[in-house]
Each structure stands twice: as C-alpha cells, then as structure tokens.
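Please look over the sequence and the structure shown here before reading on. The paragraphs that follow lead through the enclosed spaces, the open pockets, the domains and a few places in the backbone.

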Amino acid sequence: MPRPILATIYPEALRHNLSRMRQAVPDAKVWAVVKANAYGHGIERAYEGLRGADGFALLDLQEAERVRALGWRGPILLLEGVFEPRDLELCSRLDLWHTVHCDEQIDMLAAHKTQRPHRVFLKMNSGMNRLGFAAQRYRAAWSRLSALPQAGEVTLITHFSDADGARGIAHQLEAFETATDGLPGERSVANSAATLRHAIDARVRGDWVRPGIAVYGSAPDFPEHDAAHWDLRPGMSLTARLLAVQQLAAGDTVGYGSSFTADAPLTIGIAACGYADGYPRHCGTGAPVLVDGVRTRLLGRVSMDMVAVDLTPVPGAGFGSEVTLWGRATNGAVLPIDDVARAAGTIAYELMCAVAQRVPFAVAD
Ligand SMILES: *Cc1c(COP(=O)(O)O)cnc(C)c1O
C-alpha cells in the first residue's frame, strides 16, 4: 500500500478554463502555456484537457518533443527560443516556432542550414527587463531577422510585468506600440492576467494570447479576484488521508518546535503530507485545509511527511478521512490553491510546480 497521498489532474477543468480564456478573447488564438511540465500537472496528463488550444508554448526542448510525441501537429512555441545552435536542428525537425530575444539568437539562425524558414517571435523588452530587444533596437533587429532566408513569418511579442497589479500594462503597451508601429506581422502580448483583466483592449488581445496559470485554475490577480470570480476550476487536487488521531489536553503542543499549544481539549488529525511532498513548509497554524470536505486549519509546523489538522469542525473524522491540501474534495467542496499559497506567503504557481516526485498522480475521468 503506497502512502495515502495523491495528486489528481482534472482534464475537464483544464478544458473549462481554456474555454474561459477563449471567451475573453474570441478573436485571438490561444497558446496553452505548458512550461515547467504544464505547471507541475504533467504535460501528458494535461494534454487531453488542453488539446483544444491553438498551440502549446513552453521553454524546454525536451518538453516540445513530448508534446510532438503525443501526436500534436499544431504550433509549438519556445518562449525563450534556442540556447545553442544545435537546438535549431530540433526546431527544423519538429517544426518548432521560437522566440528570438537577443542578437546571439539571430546569429545562430543566420548560421543555421534549413530547408524551411522558421517561424520566429521577435521579443521586445518593453519594461520587464528580462528578455528582449530594447525599444530603440527593436526595428533594427526586425530588419536583420526578416532579411534572413532562415526566417519566415515574424511575430511581434512582449511580456508584461504588472498585468495582475496596480501598475498595470499601459506603459509597456505604449512602448510596444510605439516601437512596432507600422511593422507587419502577428502580435502577442497577453499572459493570463492581461487576458482576463485587459482584453477589452484589442491591442492586448492581439493575434495570440499566452495564458498559463489561469488555465490551471488559479486567479492570476489573487487576492484582488479569486478563481470563483473568474469562473476558473482547479486543474489539480492534492489529497491525503489521516494516519492518526490525537486527543490533546489544554497545554499540550503539536509538532516540531511546539509552535502550537492547545488552550482547551482538542482533537487533531495527522495527515500523510509534508514538505517532502511539495506542501509548503511556510504554511503554519491557521493555513486552510479540508477534512472530509469541511474547511479547517493546520496546526503547528509542517513536517517532512506529515501535517496536523484541527478536527473541531469535523467531529466525525478519523483514521482514513480525506484531507484536501488544495483543490476539490470528494464532496465537491473546493479549497482554492490561491488560499493555500497566501498562507505560505507565496503564489499558486510555485505550489503547482513543486509537487514532489514521490507523490503519485492520477487523471480524473
Ligand atoms: C509563463 C509565461 C506566460 C504565462 O504566464 P501566466 O502568468 O502563467 O499566464 C506567458 N508568456 C510568457 C513569455 C511566459 O514566460
């Protein structure tokens, strides 16, 4: 018998969330961003739910190979482009579209021998200051790239730093529009947050949007809005079972460091999930959790293999009871991953990507 912990992926929820993205941008094509192994969901497990996308965007060439191995013949985009010249051979062989964000990548393409011109996405640095050509260099890069026989259609692309927050995207959009004014080609600027919050603007919809996190059911602008607000459903649940129950007296403590002390008699459960499963150790007393679908709280520190939970609201719970660390419980109750991420002082992206290797996965039908 394996340890009673399981991550479950819901293709139906992924399909639903993807359709929410389409509704937000009915006139644009949608990349499903599946980098980081589909945000920890597993590319192969997520594929069934996401195959309705117009393309898959990712960073890792091996992940691109995995998407092709699933039979996907449509567009695949490398969001960081190639890292070394021989990557271009794989691009040619698998027909991968790739971002070009620096001169070195243009050099590599210029030296690449290919029968078929590559579809490239020329990235502008509009203020994020990670990847891309600065505004004043963008047109020169476009001219040089477009003149290469190795380059086919060139798409114009940039990325927002604040689509989810107060600063917003106006300053970056302005910079992008000015730098690209009059240039031909398709355009792509929006991540999940821009797609949900700013797609009223046709320039934000562009020709392609690139949602990631929202497809997996987390609100990109939590806590301003939650997943229910955007009608997003959890793409993943992390579920464990109770291994033990303890009756505490007033003054008893829980776990390492005795960080929680009962002030009255208390029944607690011990669940088979800890930080070695990817559950954040930064969650402490008060972090939300469901037991038999009833919301309650964590008590004390997260251990490597276990957490303690308050059973006060679930007096019927006992050995084997279902503990939902995030996602959907058997009774249909939902614990949004965003709530757990907040309790840990992080974001849902990190939790999704961190589910550990030792956790078995299942795909719901
Ligand atoms: C990861 C990524 C996205 C998706 O971002 P979300 O916030 O998950 O929607 C879009 N575009 C680029 C370039 C990315 O790297």
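**Spaces, cores and backbone**

The structure, which is a predicted model, holds two cavities of 30 Å³ or more. The largest cavity has a volume of about 50 Å³, and its lining is made up of K123, M124, N125, S126, M128, R130, L131, T158, H159 and Q172. When these lining residues are sorted by class, three are nonpolar, five are polar and two are charged. The second largest cavity, with a volume of about 30 Å³, is lined by V34, A38, I43, A46, Y47, L50 and F56. By class, that lining has seven nonpolar residues, with no polar and no charged ones. Helix 3, which covers residues 43-50, supplies the largest share of the lining of this second cavity, namely four residues.

One of the residues that line the second largest cavity, A38, deserves a second look for its backbone. A38 lies in helix 2 and has a phi near 55°, a positive value in a residue other than glycine. Its neighbour in the numbering, N37, also lies in helix 2, and N37 has a positive phi of about 55° although it is not a glycine. As a general background, most residues other than glycine have a negative phi, and most peptide bonds are trans. Are these two residues of helix 2 buried or exposed? A38 has a relative accessibility of 0% and therefore counts as buried, while N37, at 23%, counts as partly exposed, because buried means under 20% and exposed means over 50%.

A further point about the backbone concerns a peptide bond. The bond from F222 to P223 is cis, with omega near 5°, and P223 lies in the loop between strand 9 (residues 208-209) and strand 10.

Turning from cavities to open pockets, the largest pocket has a volume of about 730 Å³. Of the 36 residues that line this pocket, K35, Y39, H159, N191 and Y349 are the closest to its centre; H159 is also one of the residues that line the largest cavity. Helix 2 (35-39), helix 9 (192-197), helix 11 (337-343) and helix 12 (348-354) each supply at least two residues of the lining of the largest pocket, and helix 11 gives the most, with three residues. Sorted by class, this lining divides into 19 nonpolar, eight polar and nine charged residues.

The second largest pocket has a volume of about 260 Å³. It is lined by 16 residues, of which L6, T8, T239, R241 and E322 lie nearest its centre. Here strands contribute to the lining, since strand 1 (5-9), strand 10 (236-248) and strand 17 (322-328) each supply at least two residues. The lining of the second largest pocket divides into nine nonpolar, three polar and four charged residues.

How is the protein chain divided into domains? There is a domain 1, covering residues 12-216, and a domain 2, covering residues 236-363. The C-alpha centres of domain 1 and domain 2 lie 37 Å apart, and the contact takes seven residues from domain 1 and seven residues from domain 2. The lining of the largest pocket draws at least three residues from each of these two domains.

In soluble globular proteins, nonpolar side chains tend to be buried together. In this model the largest nonpolar core has 113 residues, and those with the most contacts inside it are L145, Y279 and W326. Domain 1 and domain 2 both give residues to this core, so it lies between them. Apart from this core lies another one, of nine residues, among them F260, L266, I270 and L299.

It helps to follow L145 a little further. Leaving aside its neighbours within four places in sequence, L145 is in contact with V100, I106, L109, V120, L122, A151 and V154. A little further along the chain, L148 lies in the loop between helix 7 (135-147) and strand 7 (151-157). L148 is buried, because its relative accessible area is 13% and the cut-off for buried is under 20%. With neighbours within four places in sequence again left aside, L148 is in contact with I106, L109 and A110. The C-alpha atoms of L148 and P117, which are 31 residues apart along the chain, are separated by 8.8 Å.

Key:
Residues are numbered from 1 along each chain as its sequence is written. This is a predicted model: local features need pLDDT of at least 70, side-chain atom pairs count only at pLDDT 80 or more; totals for chains, interfaces and linings use all residues. Side-chain values use heavy atoms; hydrogens and water are left out. On a 1 Å grid over the protein atoms alone, a cavity is a set of points where a 1.4 Å probe fits but cannot get out, and a pocket is an open set with protein on both sides within 12 Å along at least five of seven lines; lining residues have an atom within 4 Å of a point. Grid points are joined across faces, edges and corners, and a volume is the space filled by probe spheres set on the points. Ala, Val, Leu, Ile, Met, Phe, Trp, Tyr, Cys and Pro count as nonpolar, Asp, Glu, Lys and Arg as charged, and the others, Gly among them, as polar. A nonpolar core is a set of buried Ala, Val, Leu, Ile, Met, Phe, Trp, Tyr and Cys residues joined through side-chain atoms within 4.5 Å. Buried means under 20% relative accessible area, exposed over 50%, partly exposed in between (1.4 Å probe, protein chains only). Domain bounds come from an automatic or database domain assignment. Contact means heavy atoms within 4.5 Å.
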